[in-house]
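Here are my notes for you on this one. Have the picture open while you read, and take the points one at a time.

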Amino acid sequence: MSTVVAKGPAITRDEKLEELVDRYQISLLKVCFTFLHDRSLAEDAVQDTFIKAYQSLDYFQGNSSEKTWIFRIAMNTCRDMLRSRWFRFVDRRVDLSRLPEQTVQMEDGDKEIMESVMALPVKLREVILLCSFEGMTTYEAAESLEITQQAVSSRLKRAKEKLRKELKEKGCDLS
Amino acid sequence: MTEDREDERIRSAMTRTMSGLVGNPYLARRVVDASKGEVKVKKKLSVVTVLVVTLMLTSMTALALQLSGWKIADYIRNVDEGEIPNDFESGFSQNLTLDVEGVRFHVRDAYAAGNKIILVTEASCLENDTTMILPSESFCDPNIRHASQYIKELNGVDDETTLSEYARQKGLSMVHVYVNAMQKETYPIVSGDDWIENDTTLVSITSANYLEPKDGTVEVEWEVGVFDNSNDESLITKTLVFQLPVENVQPIEIDVQKDVVAGDSRVTLDRIVLMPTKLETQVELFYHTDGRQSAEQLLEYRFIAIDSSSLDFMNIGSNSDGPEIMGEEGQRVYLHDAWTIGGSLETDTLYLQLLPVYTWAKEGTDRNRGLSDVQIIEINITDKN
């Protein structure tokens, strides 16, 4: 069985996969849901992401961080799904009632913010997901999206402007 | 500081809203099994994948040259898995061209039937043949996308070569464009696919549902545009409105009146309406249940067409927003859904299975139920009124 050299003792590929799944599954699920507007597709995208990651574990050089690497795979998987014929048969409305019941109390404006983020154009949604939601730096987001840091900053600025404008129309704000 | 506060607000709102999403405790095991081929992972074969596979297979034959200049019929036969008559002709003969920022857009083929339009647009540079025309960067980032995904008849380039690398090797510059077609003043429900012919010509096929023809024609709004390379959000567009004759389709209305069960809800499928065009069969379903709660539960289910021999989905597709509640009469709540089956419907019997959307989208059809299960409905089309 091949091993993966990581910081600390070498671990098997299967152990490394379990570590990745434990660490990123929920985050990826939320990001993919916001991207694809569909829980089932999001679950598929997460599974596909881990399959691709597992298959390329041996080639992961560590030139980028593990997080940006796995999110890059997820972003590309979601982008591919957006193009697929199958996607045409999925309800793409922004409809939060299709989410499972929340386990924590929602606050005023939460719903409007979530809907506005989901309704952003794909390019702007990506940067909000990675920077605002996942807390990545522009450098990390640029690595995940394979674009320049300047492009990330510019899109982030436009995304925020759009969100502020739309939320204002809904009587909410981001502060 | 404001930025940080805004990010925190977005993060906490999204975290609370999605707090009910939970992970799959068996995911790691499932991934390992899937990678080793021990469980079948449903692959939602993308149109692009099908296109690439088709092209790879075909390029090994002497037919390769015939693949240039694809029109609607070529696309449907080769990519969209639909079987259409050999003598199919769209009948389109208008010469429609728009020039935007040095790019010439031309309608290569168009067809409208029933309530749907399909349009094939080609785009190439007016003055030189050293510019590769690409779809919107949102869907086609040349630094990520592989040339083999988009370029037809690609030989001698490995599958990992990105479009950017390919363009560099060939000395091509790149321009991103936008193509859309819809009925004027209707909600644009559009899907499509793109490919590149001869390195520099982009071909884009778009389809839109829910046309409302008037006097046998539909007013199509054809919108094209070119993205400004220096500002990736800036798009310069032009629009041309033209009339397209709509092939008349005689709807087949079938009274069904069969009961099925979905979760805790009993559902009666009242009737279906089939609109068989030469390219596909458009299907509308009308059903009802008792109680608002039942109806809302049913929004999570769809009747799906099943191939009775393989127990797989038929070649289904849709731009529909999914089931919707149409109205109420006392306790009774009426629902409606619509989708299409690729190719013409050649069988006398349509088998349907009512499945939770999340289940079938993930797991496929429910093979354990079997055809004798009450959730399979057999509709004899020849039994129409």
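1. Start with A:Ala45. Leaving out residues up to four places away in sequence, A:Ala45 touches A:Cys32, A:Leu36, A:Ala74, A:Thr77, A:Cys78 and A:Met81. Being in contact here takes two C-beta atoms, placed from the backbone, within 7 Å.

2. A quick word on what you're looking at: it's a predicted model, where local features need pLDDT of at least 70, side-chain atom pairs count only at pLDDT 80 or more, and totals for chains, interfaces and linings use all residues. Residues are numbered from 1 along each chain as its sequence is written, while chains are lettered from A and ligands numbered from 1 in the order in which they are written.

3. Now the largest nonpolar core (buried Ala, Val, Leu, Ile, Met, Phe, Trp, Tyr and Cys residues joined through C-beta atoms within 7 Å). This core has 54 residues, and A:Ala45 is among those with the most contacts inside it, as are A:Cys32 and A:Leu36. Helix H1 of chain A, residues 13–36, gives the most to this core, with 11 residues (helices are DSSP runs of H or I, at least four residues, and strands are runs of E, at least two, numbered from the N terminus). There's also a second, separate core of 46 residues, including B:Trp70 and B:Tyr150.

4. Is A:Met136 buried or exposed? It counts as buried because it has 22 C-beta neighbours inside 10 Å (buried means 20 or more, exposed 12 or fewer, partly exposed in between). Look for A:Met136 in the loop between helix H5 (122–133) and helix H6 (138–145) of chain A.

5. Over in chain B, you'll find 8 helices and 18 strands. Buried residues make up 36% of its 385 residues.
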